[in-house]
Structures are given as C-alpha cells and as structure tokens.
Amino acid sequence: MYHRARKGLTLVLRSGCQQLTIDAKQNKQPILVSQSSRLQKRINEYSVLFKNELTIGMLMKESRSRDRNKQVRSCQFMRHEFLIRLSKVISNMQNLPYIILTNADIKRVLDLYMYAFSDMLHQPEIKTLGDVDKFNETLSGLLDDLQDIIWLLAKGIHESQPHFNGEEFPIIVKKIMDQIVINRLCNRILARHHLSMHVQREGYISVVHTELSLKSMIKRNAAFAANVCQNVYMDTLPEVLIDGHADTKVAFIPNIIDYVLRENPQK
C-alpha cells in the first residue's frame, strides 16, 4: 500500500512485525503492492535463478544499431537480469544478523533495494521504442537512487560494531558485505553498459575502454591513496614502483581496475 506524504510518495511494506518505509522521489510514480508477502514471494523466486556471467568480449560485441528489435530484446534481458541481481542482494541482506538489520542506515539500504526490485518488477511489457525509452529512464533513476548505498552500509556497519562487544564481525557478515559491494559494482557497470550502448565516445565501446593504459590507472590510484594517507591518516604513502610491460594497453573497464587497486592493492 502507499500513502501520499508531504514530500513525494511513501511506499509502506509490512512483513510480520517489521515495517519498511520508503520515501520515493516526487518524479516517481507510486507502486502498488497489495501484500508484502507477494513481493517477498517474487524476490524468493528470482533469487534462486542464475544470473548471466558476462565477459568483456561479450560487452564489446553488443551492437550499437538502432534496430528496434535489438533494443527491445536488450531491455527485456536487462529487466529480467536486474530482477535476479536485485533479489540476490535483498536475500543476502535479509540473512544479516537481526541486530545489524535494526540499524537505520542498513534498513535504509534494504528499503532502497526493495523499492528498486518492486519498481523493476512492475515495469510494463517492453514492445516499442517508446517502451525502451521509458525503461531506460527507470534504469537510470534506479542508479541514482542506489548511488549512496556504500556510504550508508559503511556507516551502518560501523555503528553496529559495539553490539558485538569489541569482537570481530562474524565471517558471514563480512562475506555478505563483500558480496553486496561487488554486486553493486557489477550491476552499475551492466546498467551503464546498456544505457551507453548508443553513445559514441572516442576510445570506448560502451563502458569498455579499448586502449586502457594500466600505467596511468596505477598512477591515478596511487595519487588517490597518497591523498587519503596524508589527509586522513597523516602518513606518507610508500613509493609505488611500476615494473614489467609498463606501456601495455588493454581493452577493459576502468571502474573495475579502480576497485581492484583501491580495495586489494597488495594483490
């Protein structure tokens, strides 16, 4: 059910004694959910399906054609794929310890994913180029809605730490959080790929940089790390040495390189 609030629309989902309240933006249309159990049932159905494993080569082979049938099929694929991917994130979050789920920021993230799944689930059937444009607008909006979840998750996890009496988080918590972060990265790349398939950018095929300099990526991330060390930890970053085929250029996605270098620099 939903009710009209002072600012925008509020979607209220009730499951047992738990109530999830989702404030929608003013430009969003209300999504009618008669029973939260029906929504959870659909989440459960999609969460057991296998998501497609896409490679760089597969992304680069995507056509830039404005052919109607190809665009319609691409949107149909994206809708189905995102329902699977969003449902898996929701299921993972629902497996977190209850004490963590009571945190306001963690609940907010779960609310946002629930809203995104419901929004995608209730998209009309895609048959025309007009439907394609509407779907792409919805997908772009979901990217904006989920943009800040990493900050919210980090804040929520930090605030939940005292509940574990100074001990480390259970392995399951770390595993779930890692999965959420990686899934978010992959989902955003997939969405950006779909939305930019017909955008011409020099040196790019969709989100894939066709001549990506690994040396420049390492230098850029080293500068980022040095700035963090100096301004946050008041320390100096050790010298970064680049050895081997330093001038190698590859076809790859810059966001993935950024993630690997910043999250696992020792590897």
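In strand β5, the residue that forms a bridge with Y204 is H209, and this bridge belongs to a model that is predicted, in which local features need pLDDT of at least 70, side-chain atom pairs count only at pLDDT 80 or more, and totals for chains, interfaces and linings use all residues. Numbering starts from 1 along each chain as its sequence is written, and side-chain values use heavy atoms, with hydrogens and water left out.

Strand β4 is joined to β5 (residues 208-213) by 2 bridges, and the two strands run antiparallel; strands are counted as paired if DSSP finds at least two bridges between them. Helices and strands here are DSSP runs, H or I over at least four residues for a helix and E over at least two for a strand, numbered from the N terminus. The open sheet that contains this pair has 3 strands in the order β4-β5-β6, with antiparallel pairing. Because β4 (204-205) and β6 (249-252) stand at the edges with a single partner strand each, one side of each is left without a neighbour in the sheet.

Y204 also has a charged residue over its ring: R201 lies over the face of Y204, at 3.8 Å from the ring centre, where the criterion is NZ of Lys or CZ of Arg within 6 Å of the ring centre and within 35 degrees of the ring normal. In the loop between β4 and β5 is S206, which has a positive phi of about 60 degrees although it is not a glycine. S206 is buried, with a relative accessible area of 5%; buried means under 20% relative accessible area, exposed over 50% and partly exposed in between, with a 1.4 Å probe and protein chains only.

Helix α9 (residues 214-231) lies across β5 and β6 and runs at about 80 degrees to β5, with axes fitted as lines to C-alpha atoms, for helices over the stretch in contact, and angles from 0 to 180 degrees between N-to-C directions. Contact means heavy atoms within 4.5 Å.

Elsewhere, a search of the whole structure finds 1 aromatic pair. Y46 and F117 form this edge-to-face pair, at 6.0 Å centre to centre and with 75 degrees between the planes; rings of Phe, Tyr and Trp (its six-membered ring) pair if their centres lie within 6.5 Å, and planes under 30 degrees apart count as stacked, over 60 as edge-to-face and the rest as tilted. The pair links distant parts of the chain, with Y46 in helix α1 (residues 36-47) and F117 in helix α5 (residues 104-121), 71 residues apart. Both Y46 and F117 are buried.
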